Amino acid sequence: MSEPLTEPMTVRQATHEITNQVPVLEDLNLFTADLALEEAVTREGGAAALKELRAFGLVTGSAEAFEQGRLANEYPPRLRTHDSRGRRIDLVEFHPAYHTLMETSFREGLHSPVAHGSGRQAPSPRPGGHVIRAAGLYMAAQMEAGHCCPITMTAAAAASIAQEPSLAKEWLPKIQSRTYDPHFAAIDLKSSATLGMALTEKQGGTDVRANTTRAIPAGPRGPGGEYVLSGHKWFMSAPMSDAFLVLAQAEGGLSCFLMPRILPGGEVNPLNVMRLKDKLGNRSNATAEVELAGCHAWLIGEEGQGIASIIETINSTRLDCAISSAGLMRLALSHAIHHAEHRKVFGRTLVREPLMAQVLADLALDVEAASALVFRLARAFDRASDVRAAAWRRLMTPVTKYWICKTAPHVAAEAMECLGGNGYVEESPLARIYREVPVNSIWEGSGSVMALDVLRVLQREPTVAGTVMEELGLAAAGDANLLAAHARLEAILQDPRLLDSRARMLVEGLALLAAGSVLRAHASAAVADAFIATRLASGTGRTYGQGLERADTAAIIRRASPNRG
């Protein structure tokens, strides 16, 4: 590995010398270069994995990993519907770089559930397992975000599969394997498995209850029974997975099924891939429109209980959406600070210019707040048996996803502007980050869906909101701004007539109060004080770079810098 460049490189060409260009940000440790990440993992229960996370940080921040990420997006998946003789094959081909990325995340176990299963199939939960996995996924998303989609779905699907012992016995050991196996083969011939999902239909979108795909029994009805599915799915995530969670209408109502790509006897399930979606971002990952032309699948749970059977899977994917977005926010900030620390203007580096310092420090506040929120939520997933943790998980999962995933595009756009034209070209990682970040705010529930989920908690589980508000009130004690924010939220909650119209205000307020409380308790004073002053006490505008004239911007930037070591 070459020595890091500390001065702008100078290269002589035929017509000019190239000066004042910033060295490429690569070959850094994504864990040790991120003080907020290391602190969050330690305080939230993942300290036992610090050594392995430092090792993974070297892998994910390497020049080689970033190059694999570039290639996987430069050469996106291609669909082959038929072979040379006109037979349907419905294969999606990926660039080798994509498989390298998948193999890297598989080796780290990011695709494997932290603790799901029944009987002998249930792995022993690792203390702090969700926090540790969150840290790995946070870095894997910075390496390349698109491949995290099948990684997320595979880990999350275990929660649904575990409900049916016959399916758990066959599939969970394959999901827990750390040997990535991309071969198109029956599951009993493979060393591991990946899982996808097919929930959305043209007419329904988020309203999956409007699904029209039909499920007809192929034998006895009931949990674990075999059904034949016929219908159309508008979005199928990761269509080359080994199996899919599918929602379809059985006689008893909307139901959840596990649909293998290849049937136990070796016959290919008649899943016809109509096309791959041409997406704004997430380009390394395939998303398809498909026809289920009589596909065989096995029922999970009772007929009519499809939402209940898949809800834990959905909650896990929502956590991962927030983790991935927080990781991408961190990467965007790292590039912005790195650029400003090396680029000179008017004889000194950009980071020393007061206006730029305010922008960078302001960005860093949201990035550290996102990290604080998401690892606090991961801790709640680890402590599911604790009543207070369970309440935090139930209410704050949609709150955390809402705020982080909606903040990420603003962070990416401002970070890109810090680089100027150099950030706007495809050679810059910022262009890919900018295209990538909207998807997590859409996938598994858009902003309004998250707000409605919070309202649903208030209506159906009022004690949950009460528990969380009590915890936030205790955390706010002694800080006038936090207490005032808590009082504002209580006032909203006390007027149920306007809750529908104020839902987004409530959700954002919960996120900011929770983040401010965690930062006040655990972050540096420079970060906590500035975040609370600008997000909870100030009426300044919310474009970046405002309200920090009294903040220690240099200290905030030093803390966030990828070059701080």
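Start at the second largest pocket of this predicted model. Its lining holds 33 residues. Select Val24, His335, Glu427, Ser428 and Pro429, which lie nearest the pocket centre. Next, colour the elements that each give two or more residues to this lining: α3 (63–74), α5 (129–143), α8 (306–342) and α12 (429–436). Helix α3 supplies the largest share, with six residues. The volume of the pocket is about 1000 Å³. Colour the lining by class and you get 15 nonpolar, eight polar and 10 charged residues.

**Enclosed spaces**

Now go to the cavities. A count with a lower limit of 30 Å³ gives five. The largest cavity holds about 110 Å³ of space. Which residues lie nearest its centre? Select Val114, His130, Arg133, Ala155 and Ser316. They belong to a lining of 11 residues. Show α5, α6 (148–161) and α8 as well, since each supplies at least two lining residues. The lining splits into five nonpolar, four polar and two charged residues.

Move on to the second largest cavity, with about 90 Å³ of space. It is lined by 13 residues. Closest to its centre are Ala36, Arg330, Ala364, Glu368 and Ala560. Helices α8, α9 (354–382) and α19 (553–560) each give two or more residues to this lining. The largest share, four residues, comes from α9. By class, there are eight nonpolar residues, one polar and four charged.

**A buried alanine in a loop**

Select Ala286. Find it in the loop between β10 (271–276) and β11 (287–300). Is Ala286 buried or exposed? Its relative accessible area is 2%, so Ala286 is buried. Show its contacts beyond four places in sequence: Pro77, Val92, Phe94, Met236, Ser237, Ala238, Pro239, Leu276 and Lys279. Then add His99, 187 residues away along the chain. The C-alpha atoms of Ala286 and His99 are 13 Å apart.

**Asp453 and its arginines**

Select Asp453 in helix α14 (residues 447–460). With a relative accessible area of 6%, Asp453 is buried. Setting aside residues up to four places away in sequence, Asp453 touches Arg318, Arg394 and Pro398. Look at the Arg318 side chain: its polar contact with the side chain of Asp453 is 3.2 Å. Turn to Arg394, whose side chain meets that of Asp453 in a salt bridge (3.3 Å, N to O). Arg394 sits in helix α10 and Asp453 in helix α14, so this pair ties together parts 59 residues apart in sequence. Arg394 is partly exposed, at 23% relative accessible area.

**More salt bridges**

The structure holds 35 salt bridges. Select Arg388 and Glu470, a pair with its closest N and O atoms 3.8 Å apart. Arg388 is in helix α10 (residues 387–419) and Glu470 in helix α15 (residues 462–476). They are 82 residues apart, so check the accessibility at each end: Arg388 is partly exposed at 33%. Glu470 is also partly exposed, at 45% relative accessibility.

Go next to Glu549 and Arg550. Their side chains meet in a salt bridge (4.0 Å, N to O). Glu549 is exposed, with a relative accessible area of 55%. Arg550 is exposed too, with a relative accessible area of 78%.

Finish with a group. Select Arg318, Arg394, Asp453, Arg456 and Glu461, which salt bridges with shared partners join into one network.

Terms used. Residues numbered from 1 in each chain as written. Predicted model: local features only at pLDDT ≥ 70, side-chain atom pairs only at ≥ 80, totals over all residues. Heavy atoms only, no water. 1 Å grid on protein atoms, 1.4 Å probe; cavity = no way out; pocket = protein on both sides within 12 Å on 5 of 7 lines; lining within 4 Å. Points joined across faces, edges and corners; volume = space filled by probe spheres on them. Nonpolar A, V, L, I, M, F, W, Y, C, P; charged D, E, K, R; others polar. Buried < 20%, exposed > 50% of the residue type's maximum accessible area, 1.4 Å probe, protein only. Contact = heavy atoms within 4.5 Å. Polar contact = N/O pair within 3.5 Å; in protein donor to acceptor, adjacent residues only side chain to side chain.
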